[in-house]
Amino acid sequence: EDLENLSNSDLKKVADYWLRQYLLKTTSNTNGKYFCPLKKRWYSCNKIQVCHYIDRQCMALRYNLRNVHLISAVSNTFDAQVQVEGFKSKHHYEYELYLRSIYGDEVMKYLLDKSKEVVIFYKTDYIKIINEFRNG
């Protein structure tokens with residue numbers, strides 16, 4: 001395909017697709033099932049989603065692998081609607097605990113600092129991300 005001819009909007013969709021493919025390829029699975037570290041259960045590919053701790057609208061972290069993980073749709077959809085005091089939701093509370101467990105407590109400051117960066121993606125940025133995830 002000729003990525004150069006795609007709009008930025010379409011390139012973002014392609015980059016999101018290849019991010020998911022990369023995560024599926026690099027995340028250990030058992031018989032095609034992926035472990036959700038928040039729910040502590042195995043889920044089929046169609047019940048696991050690419051989740052962002054800091055919302056994906058934040059371009060500085062949209063493709064950052066410390067901010068993006070495969071999480072069950074149950075957590076991402078339903079637990080995200082359950083309130084937990086001091087957190088955006090039950091999903092975010094559990095996600096933060098998970099992030100701290102694998103990256104250490106300093107990850108929260110790192111993500112917060114990165115989330116304040118203003119990042120604009122140009123065509124070349126999307127193409128670079130697509131190629132990294134597609135070839136990774």
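Let me start with K40, which is found in the loop between β2 and β3, the strand of residues 41-44. In this model, which is a predicted one, the phi angle of K40 is near 60°, a positive value in a residue other than glycine. With a relative accessible area of 59%, K40 counts as exposed, because the cut-off for that word is over 50%.

There is another residue to put beside it on the screen, and that is N31, whose place is in the loop between β1, residues 29-30, and β2, residues 33-36. N31 has a positive phi of about 50° although it is not a glycine, and N31 is exposed, with a relative accessible area of 78%.

While we are looking at loops, please find V84, which sits in the loop between α2, residues 73-78, and α3, residues 90-103. V84 is partly exposed, at a relative accessible area of 23%, and if you go ten residues along the chain from V84 to E94, you will find that the C-alpha atoms of these two residues are separated by 10.0 Å.

Now let us turn to the helices, beginning with α5, which runs over residues 123-135. This helix has 13 residues and reaches 18 Å from its first C-alpha to its last, which is close to the 18 Å expected at 1.5 Å a residue. Which residues of α5 are buried? They are Y126, I127, I129, I130 and F133, and because they cover an arc of only 165° around the axis, they are placed on the same side of α5. On the other side of α5 we have T124, K128 and N135, which are exposed.

We can read α4, residues 106-115, in a similar manner. Here V107, M108 and L111 are the residues to look for, and they are buried. Seen down the axis of α4, its buried residues fall within an arc of 100°, so they line one face of the helix. On the other side of α4, E106 and K109 are exposed.

K109 brings me to the salt bridges, of which a search of the whole structure finds eight, and I will go through some of them with you. K109 forms a salt bridge with D113, and the closest N and O atoms of the pair are 2.6 Å apart. Both residues lie in α4, four residues apart, which is about one turn of the helix. Why does such a spacing along a helix matter for the direction in which residues point? An α-helix has 3.6 residues a turn, so residues three or four places apart point the same way. As for accessibility, K109 is exposed at 55%, whereas D113 is partly exposed, with a relative accessible area of 34%.

A salt bridge is also found in helix α1, residues 8-26, where D10 and K13 lie three residues apart, again about one turn of the helix. The closest N and O atoms of D10 and K13 are 3.9 Å apart, and the pair counts as a salt bridge because the cut-off is within 4 Å. D10 is partly exposed, with a relative accessible area of 33%, while K13 is exposed, with 54%.

The next pair is D105 and R100, which form a salt bridge with their closest N and O atoms 3.3 Å apart. D105 counts as exposed, at 52% relative accessibility, and R100 counts as partly exposed, at 29%.

Finally, I would like you to look at the largest pocket, which holds about 250 Å³ of space. Its lining is made by Y22, L23, T26, T27, F35, P37, L65, V68, H69, L70 and Y98, and it may help to click through these residues one by one on the screen. Which elements each supply at least two residues of this lining? They are α1, the helix in which we saw D10 and K13, and β5, the strand of residues 68-72. How do the lining residues divide into nonpolar, polar and charged? Eight of the lining residues are nonpolar, three are polar, and none is charged.

Methods
Residues numbered from 1 in each chain as written. Predicted model: local features only at pLDDT ≥ 70, side-chain atom pairs only at ≥ 80, totals over all residues. Heavy atoms only, no water. Salt bridge = Lys/Arg side-chain N within 4 Å of Asp/Glu carboxyl O. Buried < 20%, exposed > 50% of the residue type's maximum accessible area, 1.4 Å probe, protein only. 1 Å grid on protein atoms, 1.4 Å probe; cavity = no way out; pocket = protein on both sides within 12 Å on 5 of 7 lines; lining within 4 Å. Points joined across faces, edges and corners; volume = space filled by probe spheres on them. Nonpolar A, V, L, I, M, F, W, Y, C, P; charged D, E, K, R; others polar. Expected span 1.5 Å × (residues − 1). Arc of directions from axis to C-beta.
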